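Student: I would like to work through this model with you, moving from its overall division to its open and closed spaces and then to some local backbone details. Could we begin with the terms we need?

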Amino acid sequence: MKQPVRIAVTGAAGQICYSLLFRIAAGEIYGDDQPVILQMLEITPALGVLEAVKMELDDCAFPLLAGVVCTDSPAVAFKDVDAALFVGAKPRGPGMERKDLINDNGKIFSGLGQALNDNAKKDVKVLVVGNPANTNAYILKANCPDLDPRNITALTRLDHNRAESQLAAKTNSSVSDIKKMIIWGNHSTTQVPDISHCTVAGKAATGLVDTAWAQEEFIPKVAKRGAEVINARGSSSAASAGNGVIDHMATWIQGTEEGNWVSMAVPSDGSYGIEEGLIYSYPVTCKNGDYEIVKGLEINDFIKGKILDSQSELLEEREAVKDLLS
Ligand code: NAX
């Protein structure tokens, strides 16, 4: 039997984790021959609920689950972890401005970053889900000087999956026929779902749908899908977000399929004119536990404008938290 890998998960008593943790314990990130230890972090008032989550994990008798830690101490949660999933965040309250949300979460993520830096394995793979995800990841990166900055990423795979599903429905095809979807930018309404390079069962998507649909219906539909779910459900996407986390991590660790790519928000290396270091969603391929930004794609003027708009939003968010970037 292999040595277990350690995975820290924050916000472990919340909605997303109620599906996510069980799928990790079933082996869906690292594969069905890899034992895992879950190191679950919550705020002190949520420790009772967290204990109930542990009871249910125990009651599933997952053969690959080699241990479960419940704690309100970041140092304990991040001790020797191979992966850290930052799901927990302060939600937006009534009357709260976006900049207040950015600021409050910024403080949380700078503190968590220091604890991660001091306790995790140096090559820990990090995924930020809690919103504003890209900027929280940026703050985390600034507070983790000893970790590999390339390993600090944010979730846009849910947006990528939503985009595939919308295009499949529009073209009466199966999601498995859709290849090379792209989400550019911030995980927010400025994100840029882009079908320019997509194929549907081998045919160019741009030849199957008209430009007006791609620009005026598809983009806002994907970008505002989270709000649509909130309106229908009364709370934000949970199972589909958990599924996006599984897909993001499993692809990063196990690799992309031949002839396809996925979207991940990663530190920009300057590709496509985006400022270096910003956590920006790009098309990436993954192999041997590493990812690479897909380079040299031709970008039309419409998409180029939107890509820069999303960058502007990220620059504004960064300005709002500049005091937390140690
Ligand atoms: P919940 O409110 O159900 O759960 C969040 C949990 O985090 C709570 O149990 C809370 O006690 C805990 N928490 C808060 N601060 C913490 C801290 N400092 N340390 C540890 N735990 C802490 O939210 P849930 O529906 O699970 O969503 C979690 C986050 O995901 C939210 O910020 C949400 O906006 C974000 N999302 C991100 C998505 C993405 O694609 N990037 C999509 C889904 C979701 O909207």
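Tutor: Domain bounds here come from an automatic or database domain assignment. Please also keep in mind that this is a predicted model.

Student: Into which domains is the protein chain divided?

Tutor: With that meaning of the bounds in hand, the division can be read along the residue numbers. The protein chain is divided into domain 1 (5-154) and domain 2 (157-317).

Student: How many residues of domain 2 are in contact with domain 1, and how far apart do the C-alpha centres of the two domains lie?

Tutor: Contact is counted here between heavy atoms within 4.5 Å. On that basis, 31 residues of domain 1 are in contact with 34 residues of domain 2. As for the separation, the C-alpha centres of domain 1 and domain 2 lie 23 Å apart.

Student: What is the volume of the largest pocket, and which residues lie nearest its centre?

Tutor: The volume of the largest pocket is about 1500 Å³. Its lining is made up of 44 residues, and those nearest the centre are Ile-16, Val-129, Gly-130, Asn-131 and Ser-236.

Student: Which domains contribute to the lining of the largest pocket, and which helix supplies the largest share?

Tutor: Domain 1 (5-154) and domain 2 (157-317) each contribute at least three residues to this lining. Among the elements that supply at least two residues each are helix 1 (15-25), helix 4 (98-119) and helix 6 (157-170), together with helix 7 (211-223) and helix 8 (225-233). The largest share, 4 residues, comes from helix 4.

Student: How many residues of each class are in the lining of the largest pocket?

Tutor: Glycine is counted as polar in this scheme, and tyrosine as nonpolar. Sorted in that way, the lining of the largest pocket has 21 nonpolar, 15 polar and 8 charged residues.

Student: What is the volume of the second largest pocket, and which helix gives the most to its lining?

Tutor: The second largest pocket has a volume of about 200 Å³. It is lined by 15 residues, of which Ile-195, Ser-196, Thr-206, Thr-211 and Ala-214 are the closest to its centre. Strand 9 (192-194), helix 7 and helix 10 each provide at least two lining residues, and the element that gives the most, with 5 residues, is helix 7.

Student: How many cavities of 30 Å³ or more are found, and which residues line the largest cavity?

Tutor: A search of the whole structure finds 1 cavity of 30 Å³ or more, and about 40 Å³ of space lies in the largest cavity. Helix 5 (133-142) and helix 10 (301-320) are the elements that give two or more residues to its lining, with helix 5 giving the most, 3 residues. The lining residues are Asn-134, Thr-135, Tyr-138, Leu-278, Ile-279, Leu-314 and Arg-318.

Student: In which sense do strand 2 and strand 3 pair, and what handedness has the unit they make with helix 2?

Tutor: Strand 2 (residues 36-41) and strand 3 (residues 65-71) pair over 6 bridges in the parallel sense, and within this pair Ile-37 stands opposite Gly-67. Together with helix 2 (residues 47-60), these strands make a β-α-β unit that is right-handed.

Student: Why do strand 7 and strand 11 each have one side without a neighbour in the sheet?

Tutor: The open sheet of 3 strands has the order 7-10-11, with antiparallel pairing. Strand 7 (178-179) and strand 11 (203-204) stand at its edges, so each has a single partner strand and one side left without a neighbour in the sheet. Strand 7 makes its pairing over 2 bridges with strand 10 (residues 199-200), where the bridge partner of Lys-179 is Thr-199.

Student: Which peptide bond is cis, and which residue has a phi near 50°?

Tutor: Most peptide bonds are trans, and most residues other than glycine have a negative phi. Pro-132, in the loop between strand 5 (125-128) and helix 5, is joined to Asn-131 by a cis peptide bond with omega near -5°. In the loop between helix 2 and strand 3, the residue whose phi is near 50°, a positive value in a residue other than glycine, is Ala-61.

Notes
Residues numbered from 1 in each chain as written. Predicted model: local features only at pLDDT ≥ 70, side-chain atom pairs only at ≥ 80, totals over all residues. Heavy atoms only, no water. 1 Å grid on protein atoms, 1.4 Å probe; cavity = no way out; pocket = protein on both sides within 12 Å on 5 of 7 lines; lining within 4 Å. Points joined across faces, edges and corners; volume = space filled by probe spheres on them. Pairing = 2+ DSSP bridges. Right-handed = clockwise from strand over helix to strand, strands pointing away.
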